[in-house]
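Dear colleague,

I am handing over the structure we spoke about, and my notes on what was found in it follow directly below. Please read them with the coordinates open beside you.

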Amino acid sequence: ALYPRPPPCMDGGTCQQVVSARQEQRYGGHAVAAEAETDAEGAAVLMVPFFVPLVLQVHHELLMEPQERQLVANEPYTSLAFVAETVVQIWQVEKAKELIIYCSSPRVARSLHGCAGFLPFPTLQDQGGEPRHGYIPFQGQLQFESGDVLQANAQGCIRWSRDPLLEAELVTLPGWCSAHISREAARNYATGRLVEVCRLAVPVVQVQLTARCCGAPIPDVQIYMDGERCGGSGVLGSCVPCGVKCGDHSAQAMHPLVLPDGISAPLRIDSAATVGVQLEFPLERLHFVCVSRPGACSDVGSTAELYLVGGDLAQWRCSQNAPGLDAEVWRWDGQLCGVAGEPPIEVKAGVVDWDRNGQSSWVTPSEVCSFAKSLSLPISSHGPWQVTLHPLGKQGECTVVQLACLALSATPALWLGQLSVLPVARSVSPVACAVPCPRVSVQMRCCSHGYRGLPIAVDGVR
């Protein structure tokens, strides 16, 4: 009799291996002389003839690679021991935005699966006695510190000469962020229970809304991914992390400047690496409008104010600080010539087409927003209404960022200048103004007191 007795499993469980003995070819071919299965103690008894060279084979489809040894039974009760590999069965289940990895020992998991054998894992019951749903065999790898990996088979099993959970460092799966193996799970998975190994997170996308003119981050933006809110950019316009699975998605930025539809962009995630996505605020959503008193006409001496309005014009007309509903309002046509050495930016029907003007997102060496700097010299392109008064000096902060901050309390608007009906039409050149000896009075709006020490320049000449 042969006693092939594998050492007890580390988890104290059982595994039924098929043990067979066949004669060597010179003693009658490969006919199987005896065959048996190991019992609960891991032992099997085979009745074989004495003094016949035999090849003893031990194997298990799931738990053990085929092993064989040559043997000649010269005395009764000959024993032979085989060492089986360590096998870990790993499962995965997706919940919310994470993939939970569980493990168990298939040597002792028969009590979980039932006495019928290794049944599909979804038939198992949880601690409350309810059937488990969504559990599938692990489809990833265990990665070692050296970079070597162990791949799970179709049943989610990993078989190795040593304990893979104690030796490996990471659990990896394409499309998910890697995670470290819980050492507690490595010590306790052989108890016959399901043990959580780790949780794999979905890839992270950093989304930010920036101004197209200079790339400045826009504050207080709400970021959505596939319609689900991910967070706000805060007062600094920081990137908002969004966890998404691999595949096609839609990123959306919401702000009072871009209501009601916001700014959306499609994106595709192909790996677990963190990626950054910049959504650009288009300058075409800003409006250049002129406002004059009710009943104003094109008579010499009439004045109007030029504003840059962000957001919805109808909402701006209804806001608290907007001109009265009976005021004359029209869209401005002109050029923005504040950037020396650069072609003027055309504004038609109150809208600037940044791309059509050949502009790009760039910052001057002095780190001044190019669009903000161009607003310092607006010039009307045609008609009797010409810009006769405008702020002087460089604009430091991005104009879009200024409007975004103002939009939190009301529909924002920035004053760009004053228009007057001139007696002689002038060209777009800032040096062609025909008004002689201008007299300018600057007063405080709150109390009408004069503003002392304010430099005045006419067509750039102080």
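In strand 31, L419 is the bridge partner of V387. Please keep in mind that this is a predicted model. The pairing of V387 with L419 belongs to a wider contact, since strand 30 and strand 31 (residues 413-421) run antiparallel and are joined by four bridges.

These two strands are part of an open sheet of five strands, whose order is 25-23-24-31-30 and whose pairing is antiparallel. Strand 25 (328-331) and strand 30 (385-389) each have a single partner strand and stand at the edges, so that one side of each is left without a neighbour in the sheet. On average, and with direction ignored, neighbouring strands of this sheet are turned by 40 degrees against each other. Helix 6 (residues 399-406) packs on the sheet, where it touches strand 23 (286-292), strand 24 (303-310) and strand 31, and the direction of the helix makes about 110 degrees with that of strand 31.

A separate site that may be of interest to you is C239, which is found in the loop between strand 18 (228-232) and strand 19 (240-243). Is C239 buried, exposed or partly exposed? Its relative accessible area is 38%, which means that C239 counts as partly exposed, the range for that class lying between 20% and 50%. Leaving aside residues up to four places away in sequence, C239 touches Q206, V207 and Q208. C239 and V205 are 34 residues apart in sequence, and their C-alpha atoms are 9.2 Å apart in space.

With best regards

How values were computed
Residues numbered from 1 in each chain as written. Predicted model: local features only at pLDDT ≥ 70, side-chain atom pairs only at ≥ 80, totals over all residues. Heavy atoms only, no water. Pairing = 2+ DSSP bridges. Axes fitted to C-alpha atoms, helices over the stretch in contact; angles between N-to-C directions. Contact = heavy atoms within 4.5 Å. Buried < 20%, exposed > 50% of the residue type's maximum accessible area, 1.4 Å probe, protein only.
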